[in-house]
Amino acid sequence: MNKALKGYLQLTRPANLPTAAADVLAGMVISGIVAIVNQSSFWNFEFFLPFFCLVLASVFLYAGGVVLNDVFDFQLDKKERPERPIPSSIVSLKSASIFGGILLILGIVLGLYVHVLSGSIALILALSILLYDGVSKKHTFFGPLNMGICRGLNLLLGMSVFGTLLQWEYAVVPVVYIAAITLISKGEVHGDNKKHIVFSGMLYALVCGTLLVFQHINGGIAFQTIPFILLFAILIYTPLVKAFLNNSPGNIKKAVIGGVLSIIVLDAIMAVGFSNWMVGIGILLLLPLSIILSKLFAVT
């Protein structure tokens, strides 16, 4: 692969992109898309196109966000991560800035194509991404909260597919979950973040409990969800416990990676509550793709 092309791909964190798509798919399921999938009209290109565009919008917004994150971190990465595309001069700072900006704009435009509500959410998401990249990530409290809000908005982006925001309270779940992962990541370079790990473990438990409560309130079938929640708990807590017992940068990084990739499982749990286990499995199929890509490209 061409060195420059690989550099641009590395900037977009390809392994993370399926998690963005999973957010939107879960949002669509919550909005009621499963009820119309069996209709022949759904597979008509003109009818199907908006759904595909919304997935692409989410992926472009996420990709633009992580690219610009590296742009803002250029000086820090020169010291701590000199192997990254920008500090290693594989991609120039100016080119990366333009690339990230174009990706964000494309995400907003695709959202507007689907619906004015979708476009508005995409715009707010883009602004939230820029706020995190440029300002809030430097703060212990506001950084994780801002990052969580970005994920919550991404879920809302999927819910907006029909121009409404039914069950919007589910957006709180990724806010709490991503805040937990962001807290863990604070020790990725230097280690020594046991307090953050303990607090994140509590937030993880809150997420699992909240999902069960929401599903009960909305009349979901518990036995369909439990296997997905058990898988979710295993994937997030196993590396977290290891990072607590051996609080090294390497183990902390694995806990962050486990948390990020498990977003797909979290989305599958939410989707199952509004459909069935087969839909959940369908979203879970994005997980192997993320894992494969994580072997080729950095997740964090």
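**Exercise 1. The lining of the largest cavity**

Task: In this predicted model, sort the lining of the largest cavity by class, and say which elements supply two or more of its residues.

Solution.
- Start with the classes. The lining has four nonpolar, three polar and no charged residues.
- Put names to them. The lining residues are Tyr170, Leu211, Gln215, Thr225, Ile269, Met270 and Gly273.
- Assign the elements. Helices α10 and α13 (263-272) each give two or more residues to this lining.
- Add the volume. The largest cavity holds about 40 Å³ of space.
- Check the count. There is one cavity of 30 Å³ or more.

**Exercise 2. Helix α10 and Gly201**

Task: Compare the span of α10 with the expected value, then place Gly201 and find what it touches.

Solution.
- Take the span. Helix α10 covers residues 194-217, 24 residues in all. From first C-alpha to last it reaches 35 Å, close to the 34 Å expected at 1.5 Å a residue.
- List the buried positions. They are Ile197, Ser200, Gly201, Leu203, Tyr204, Val207, Cys208, Leu211, Phe214 and Gln215.
- Link back to the cavity. Leu211 and Gln215, both buried in α10, also line the largest cavity.
- Turn to Gly201, which lies in α10. Its relative accessibility is 11%, under the 20% cut-off, so Gly201 counts as buried.
- Find its partners. Beyond neighbours within four places in sequence, Gly201 is in contact with Tyr237 and Leu240.
- Set sequence against space. Gly201 and Tyr237 are 36 residues apart in sequence, and their C-alpha atoms lie 7.4 Å apart.

**Exercise 3. The largest pocket**

Task: Describe the largest pocket by volume, by contributing elements and by residue class.

Solution.
- Begin with volume. The largest pocket has about 1100 Å³.
- Look to the centre. The lining has 40 residues, and the closest to the centre are Asn69, Tyr132, Lys137, Met147 and Ser185.
- Collect the elements. Two or more residues come from each of α4 (45-72), α5, α7 (116-134), α8 (142-159), α9 (172-185) and α12 (249-261).
- Pick the main contributor. Helix α4 gives the most, with seven residues.
- Split by class. The lining divides into 17 nonpolar, 11 polar and 12 charged residues.

**Exercise 4. Two helices that line the pocket**

Task: Is α9 largely enclosed or largely open to the outside, and what does Ser118 of α7 touch?

Solution.
- Check the geometry of α9. Its 14 residues should span 20 Å at 1.5 Å a residue, and the end C-alpha atoms are 20 Å apart, which agrees.
- Count burial. In α9, 12 of the 14 residues are buried, so the helix is largely enclosed by the rest of the structure.
- Name them. The buried residues are Val173, Pro174, Val175, Val176, Tyr177, Ile178, Ala179, Ala180, Ile181, Thr182, Leu183 and Ile184.
- Move to α7, where Ser118 lies. Ser118 is buried, with 0% relative accessible area.
- Finish with contacts. Neighbours within four places aside, Ser118 is in contact with Leu54, Gly111, Leu157, Ser160 and Val161.

**Exercise 5. Arg84 in a loop**

Task: Where is Arg84 found, is it buried or exposed, and which residues does it touch?

Solution.
- Locate the residue. Arg84 is in the loop between α5 (74-80) and α6 (93-114).
- Test burial. The relative accessible area of Arg84 is 11%; buried means under 20%, so Arg84 is buried.
- List contacts. Arg84 touches Arg13, Asp70, Asp77 and Thr300, leaving out residues up to four places away in sequence.
- Pick out the polar contact. The side chains of Arg84 and Asp77 are joined by one of 3.5 Å.

**Exercise 6. Positive phi**

Task: What sign of phi do Ser89 and Gln167 have, and how accessible are Ser89 and Gln167?

Solution.
- Recall the background. Most residues other than glycine have a negative phi.
- Take Ser89. Its phi is positive, about 70°, although Ser89 is not a glycine. Ser89 sits in the loop between α5 and α6. Its relative accessible area is 62%, over the 50% cut-off, so Ser89 is exposed.
- Take Gln167. Its phi is also positive, about 55°, and Gln167 is not a glycine. Gln167 lies in the loop between α8 and α9. At 24% relative accessibility, Gln167 counts as partly exposed.

Notes: Residues are numbered from 1 along each chain as its sequence is written. This is a predicted model: local features need pLDDT of at least 70, side-chain atom pairs count only at pLDDT 80 or more; totals for chains, interfaces and linings use all residues. Side-chain values use heavy atoms; hydrogens and water are left out. Helices (H or I, at least four residues) and strands (E, at least two) are DSSP runs, numbered from the N terminus. The expected span of a helix is 1.5 Å times one less than its number of residues. Buried means under 20% relative accessible area, exposed over 50%, partly exposed in between (1.4 Å probe, protein chains only). On a 1 Å grid over the protein atoms alone, a cavity is a set of points where a 1.4 Å probe fits but cannot get out, and a pocket is an open set with protein on both sides within 12 Å along at least five of seven lines; lining residues have an atom within 4 Å of a point. Grid points are joined across faces, edges and corners, and a volume is the space filled by probe spheres set on the points. Ala, Val, Leu, Ile, Met, Phe, Trp, Tyr, Cys and Pro count as nonpolar, Asp, Glu, Lys and Arg as charged, and the others, Gly among them, as polar. A polar contact is a pair of N or O atoms within 3.5 Å; within protein, one must be able to donate a hydrogen and the other to accept it, and residues adjacent in sequence count only if both atoms are side-chain atoms. Contact means heavy atoms within 4.5 Å.
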